[in-house]
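Open the model in your viewer and keep the selection panel at hand. The stops below are given in the order in which to select them.

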Amino acid sequence: MNYFPDEVLEHVFDFITSHKDRNSVSLVCKSWYKIERCSRQRVFIGNCYSISPERLIARFPGLKSLTLKGKPHFADFNLVPHDWGGFVYPWIKALAKSRIGLEELRLKRMVVSDESLELLSKSFVNFKSLVLVSCEGFTTDGLAAIAANCRFLRELDLQENEVDDHRGHWLSCFPESCTSLISLNFACLRGEVNLGALERLVSRSPNLKSLRLNRAVPLDTLQKLLMRAPQLVDLGIGSYVHDPFSEVYNKLKIAIQRCKSIRSLSGFLEVAPHCMSAIYPICGNLTFLNLSYAPGLHGNKLMKLIQHCRKLQRLWILDCIGDKGLGVVALTCKELQELRVFPSDPFGAGNAAVTEEGLVLVSAGCPKLNSLLYFCQQMTNAALITVAKNCPNFIRFRLCILDPIKPDPVTNQPLDEGFGAIVQSCKGLKRLSLSGLLTDQVFLYIGMYAEQLEMLSIAFAADSDKGMLYVLNGCKKLRKLEIRDCPFGDAALLEDVGKYETMRSLWMSSCEVTLGGCKSVAEKMPSLNVEIIDECEQMEFNLVDKQKVDKMYLYRTLVGHRKDAPEYVLIL
Amino acid sequence: MEGSVGYDNDLNLKATELRLGLPGTEPVSIVRRNKRSLQQVADDDCGVNGCKSDDQNETAPPPPKAQIVGWPPIRSYRKNNIQTKKNESEGGGIYVKVSMDGAPYLRKIDLKVYSGYPELLQAIENMFKFTIGEYSEREGYKGSDYAPTYEDKDGDWMLVGDVPWGMFITSCKRLRIMKGSEARGLGRGV
């Protein structure tokens, strides 16, 4: 291929879009590496501490779109202290100083300050798209800066962030000249928004395809917005409470009927169940329905709604749908690929309404099911075996039994055989989360059969180090392993430290690993950062090797120890 | 590691950390042997697996020692949202009967759906197809043969609109649209 001019190769590489493939291309030879790096526009960095912004900029001068992930996944569940790290500011600062023409920034689990947002908004003329998922540290003032300064903004997508809402005027900061919006999602904001400004913004955004409102947007505003944006493809409803006999509600019905392109519906952050019939006309075209923030919608009203959604591919719902409701899903949604059932009452005493029965029904009725997140009261081996038989195509299988060590309630056995059936049957399984009573046996199965497994989450499981060893030895494609409250110790940790260089990260909390064991890993593998998170600062007083470590997070990196770790993080 | 949850070389973290199980039990299989599950604690309390009694539903989350940090694994954002909604007791509408003098049957409305008097009165006007007239503190509802009234907690019939909205919806037991002379008497002050 060396006799092709560079432009030809570059053109060929244009067709190669997946990160994995482009990474592979860059490894072929020096000239391919050079051509690839100069033409690369999109870069994905799964762990912001694995590389530095300077090196990123040096390698990819043509960078336009950057995706960064910060905190480890278990940070979502309060297992990582707030100021552990994951600050985006240094990245934005470095990019701003360079000649990179950044157009798109997607962040997950990072700390984003208003200062960062302001710098971002002022540094990149062509900035088009900001997506923040599960981030924190900013207020609506930062959003105001983005709105005011990004003249060609197309996308502002805020998903499940903790935002300090100053109830300001951020929406009013979009200038009259801003007409380029394609996607606006502010559902996670808790404060009031200027409704007039919102209406005007939507009116002057003819390309708007995705609009997700927050709770403060009432029904009558919704109706006006829909009248102005019948071209919407994705709609997130804020407040859906009104008198079904009112004029406004009638107008809403008409407005909704005009929106023939809506394929994705979410929100209902506040809902009056007796008003749902207005939605029926668009249900038949929906491919994605997210009702996981609408606990007010349940029982017959919910089932009736679902019965209209025959083309659904993805459904996110609360467990108040019940096994019976899942039966309705199984009968109606034959195209279903992804199902997520969230708990409506996580600490409630047995009020959660789904069990293994609901899952079995869905698996039988929806043969295309390939992605599952299921919070339930209980699970049986028999059910899992049936599900494995019905749905061999699972790519993601995440099961969470609310009581984390509950055995099969029928046989009182651990759930080893059930999960074993899943990994054996689902040859393409990439992500697995376990729960329930589990012994080392399930890990033997995982090591044996889960050949494509990339991410594994384990909690309150196993009997000994053997469990972890089965996984480390068997799962060749493992990238992320996160473990909490399991009896895995130094023997398992130290068996094959080279393995961790082939993975993005390993998290172990409340296990049996000791400080000495962690030190050993750090010594043997300089390409890893081994972090000990010690909130009670015990380590300061008692640096004894055989002390158990409460939280350890290790990850491969090309840039050594990070400099921004707080006091209670010890990097070995 | 055998032995009690000691303080000698063991991290004090373990003694203070929220875990399943009774204090004093050994930490090897941290949550596995001799531990009562969250579910079992709840079951024992009400004697039935998956207990459905209203008491259990209404009470606050189980005592702290039974809750595990970071379990169930749902995002803080989502968890906070559930809390907020619970605090607002969503889904529990305040339904009251509405009667109108001369109408053949009564209606029922959910007071929670409305944000104030104007909305409520508008809704009632639509429901029964009539006009209520303008409210003034001095003269009640002028310009119409009707006056909206409600029965309060003490059993007295009151004119709608005198007290703050929040107070109204908690004290209103039923609504009645009075007509004719009775209304005029009520509407025009004592």
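**First stop: a serine in a helix**

Select A:Ser116, which counts as buried because its relative accessibility is 0%. Please bear in mind throughout that this is a predicted model. Extend the selection to residues 114-123 of chain A, and you have helix H6, the element in which A:Ser116 is placed. If you then show what surrounds the serine, leaving aside neighbours within four places in sequence, A:Ser116 is in contact with A:Val88, A:Tyr89 and A:Ile92.

**Second stop: the cysteines**

Now select A:Cys48 and A:Cys135. Is A:Cys48 buried or exposed? It is buried, at 3% relative accessibility, and A:Cys135 is buried too, with a relative accessible area of 2%. What is the distance from the sulfur of A:Cys48 to the closest cysteine sulfur? That closest sulfur belongs to A:Cys135 and lies 11 Å away, which is too far for a bond. For A:Cys135, however, the closest cysteine sulfur is in A:Cys188, and at 9.8 Å this pair is also too far apart for a bond. A disulfide would need the two sulfur atoms within 2.5 Å, and a search of the whole structure, over all chains, finds zero disulfides.

**Third stop: strand S14 and its partners**

Move along chain A to residues 338-342, which form strand S14; five of its five residues are buried, so the strand is largely enclosed by the rest of the structure. In a regular strand the side chains alternate between the two faces of the sheet. With side chains displayed, you should find A:Glu338, A:Arg340 and A:Phe342 pointing one way from S14(A), and A:Leu339 and A:Val341 pointing the other way, all of them buried.

Next, add strand S13 (residues 314-318) of chain A, which runs parallel to S14(A) and is joined to it by five bridges. One place to inspect is A:Arg314, whose bridge partner in S14(A) is A:Glu338. Include helix H13 (residues 322-332) of chain A as well, and you can follow a right-handed β-α-β unit made by S13(A), H13 and S14(A).

Then add strand S15 (residues 371-376) of chain A, which pairs with S14(A) in the parallel sense over four bridges. Here A:Val341 has A:Tyr374 of S15(A) as its bridge partner.

**Fourth stop: helix H14**

Select residues 356-365 of chain A, helix H14, and colour its buried residues, which are A:Glu356, A:Gly358, A:Leu359, A:Val362, A:Ser363 and A:Gly365. Against which elements do the buried residues of H14(A) pack? They pack against H13, S14, S15 and helix H15 (381-390) of chain A, so keep the previous selections visible while you look.

**Fifth stop: stepping back**

Zoom out and colour chain A by its domains, which are domain 1 (1-40), domain 2 (47-56 + 65-208) and domain 3 (503-571). Taken over C-alpha atoms, the centres of domain 1 and domain 2 of chain A are separated by 31 Å.

Finally, select chain B, which contains seven helices and seven strands. Tracing this chain from the N terminus, you will meet its elements in the order α-α-α-α-β-β-α-β-β-β-β-α-β-α. Of the 190 residues of chain B, 42% count as buried, and its accessible surface comes to about 10,800 Å², of which 51% belongs to carbon and sulfur atoms.

Terms used:
Residues numbered from 1 in each chain as written. Chains lettered and ligands numbered in written order. Predicted model: local features only at pLDDT ≥ 70, side-chain atom pairs only at ≥ 80, totals over all residues. Heavy atoms only, no water. Domains from an automatic or database assignment. Buried < 20%, exposed > 50% of the residue type's maximum accessible area, 1.4 Å probe, protein only. Helix = DSSP H or I, 4+ residues; strand = E, 2+ residues; numbered from the N terminus. Areas by Shrake-Rupley, 256 points an atom, 1.4 Å probe, with all protein chains shown as cover. Contact = heavy atoms within 4.5 Å. Pairing = 2+ DSSP bridges. Right-handed = clockwise from strand over helix to strand, strands pointing away.
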